[in-house]
Structures are given as C-alpha cells and as structure tokens.
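Colleague: I'd like to learn how to read burial, cores and strand pairing from a model. Could you take me through one?

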Amino acid sequence: MKLSHSKLKTILECPMSYYLKHIQGIQLKVKKSALSIGSQVHWCIENNTEDLTKYFEENGTFKQKNNFTREELLAEAMAHGYFKHKEELFEKMLTDNSTGKKLELLDETHELFLSTKLKSFKENTEHEFIGIIDLLLLTNKGFILVDYKTSSQVPNWDNYLDQLYRYIFELKSNFPDIIIPSENDLLKVFQTKRRNLYMQ
C-alpha cells in the first residue's frame, strides 16, 4: 500500500472516510480554492517567480476571457509578499535559536519527493510512505524543514505537528548521516498570510 501524510491522517481520524475515498472512490467533487491557491504559491516559490503565466499555460486555465480570477490575483500577491520578505524569512530560519549565531546554508531544495518503508502489522509486509517537502535547507548544523501554509487565518500550529514529524521520519530514513539537532532549532514552519501579503 502506498501512503501519504494525508492518507495516514485520514486513516487515523476516520477509517471509514479513507475506505470510502481511497478504496471505493467515493468523494465530493468540490475543488477548494484554498488548495488551488496553495498549489500556485508553491509553484511560484519553487520556480523563483511571482508571475503565474507559465503555470496557467501548463495547466490550461490561464487568463480565461483575458481576466485573472480572484484566486489567481491572490496567489500572485502572496508570491510577491514572499519574495519581498524572503531575505528576512531566511535570516530568521538560518539563525540558531540556541546560540543566536548565523547558520551556514549549504544547499536549498524545493519540492523534495521522499519515499520510505513502513512496517506493517502483517509479517513480512511493508507499506510505502511518500511525502513532498516544500523546502529543505541543509546547513552546517543539519536540516531545516519548511512547510508552506497559505491561509487567511492564523492556524493552530499544533495541527501540523504530525505532518512535520512524519517528514522528519522520512528525512532520517533517507539521510541517516545528516543530523536534525533540535526540533526547536531546526523544525520551523512559516505561514504565508493571504490578507497581510495581499495588502503589502
């Protein structure tokens, strides 16, 4: 069985929902605009641009009737806010909380796909656990894991801890020689706030 974070979360929260959606294929055909905006902002950051023209050309939905939708405008505004504050964000992320010293950035990877094995309760059976890390920074003290959140509300960060711990598990499985020294120091999440960045 191939499992992602969202599938694991659904299994743990409501096994029947998992069964209906992923086994029987029964689900609501409602596309949430927040998911679309999130995908667009992720693409901008990964491709180091705040211009979504190529994104929409590739997805066949760009400028219908020569107009941007509200979601498209929000996505570009959020990407603009990110790039406007990128140096400030990286300054905070690359500061060691325990010493206040600057960390040396060795590598920056966007949209990193990882796969590892999960043992099953059944003997000699394994499941494949997959995940995509939005941004992984390799420093002289180990990894900094970043997961982007696009929302108009300040979220409850505790709701995302299980996702981050699963990604840490994948990192340790795939890169056992690279240290993750401290959750407080090197596990950092920042939110791209729709309303604030749109206004800047």
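Modeller: Sure, burial comes before the rest: buried means under 20% relative accessible area, exposed over 50%, and partly exposed in between, with a 1.4 Å probe and protein chains only. Here, buried residues make up 37% of the 200 residues in the protein. This is a predicted model, where local features need pLDDT of at least 70 and side-chain atom pairs count only at pLDDT 80 or more, while totals for chains, interfaces and linings use all residues. Residues are numbered from 1 along each chain as its sequence is written, and side-chain values use heavy atoms, with hydrogens and water left out.

Colleague: How many helices and strands are there in the protein?

Modeller: Helices (H or I, at least four residues) and strands (E, at least two) are DSSP runs, numbered from the N terminus. The protein has 9 helices and 6 strands.

Colleague: In which sense do β3 and β4 pair?

Modeller: Two strands pair if DSSP finds at least two bridges between them. Strand β3 (residues 126-139) runs antiparallel to β4, with 5 bridges, and a hairpin of 2 residues joins them. Across the pair, leucine 138 sits opposite phenylalanine 143 in β4. As for cover, 5 of the 5 residues in β4 (residues 142-146) are buried.

Colleague: Which residues have the most contacts inside the largest nonpolar core?

Modeller: A nonpolar core is a set of buried Ala, Val, Leu, Ile, Met, Phe, Trp, Tyr and Cys residues joined through side-chain atoms within 4.5 Å. The largest one has 22 residues, and Leu52, Phe90 and Leu137 have the most contacts inside it. Elements giving two or more residues to this core include α3 (33-46), α5 (70-84) and β3. A second, separate core has 11 residues, among them Phe143 and Ile168.

Colleague: What is phenylalanine 90 in contact with, leaving aside neighbours within four places in sequence?

Modeller: Contact means heavy atoms within 4.5 Å. With those neighbours set aside, phenylalanine 90 touches Tyr82, Leu105, Glu108, Leu135 and Leu137.

Colleague: Now a pair of isoleucines. Is isoleucine 45 buried or exposed?

Modeller: Isoleucine 45, in helix α3, counts as buried because its relative accessibility is 3%. Beyond neighbours within four places in sequence, its contacts are Tyr82, Phe83, His110 and Tyr148. Isoleucine 45 and phenylalanine 83 are 38 residues apart in sequence, and their C-alpha atoms are 8.1 Å apart.

Colleague: And where is isoleucine 26 found?

Modeller: Isoleucine 26 lies in the loop between α2 (15-23) and α3. Isoleucine 26 counts as exposed because its relative accessibility is 52%.
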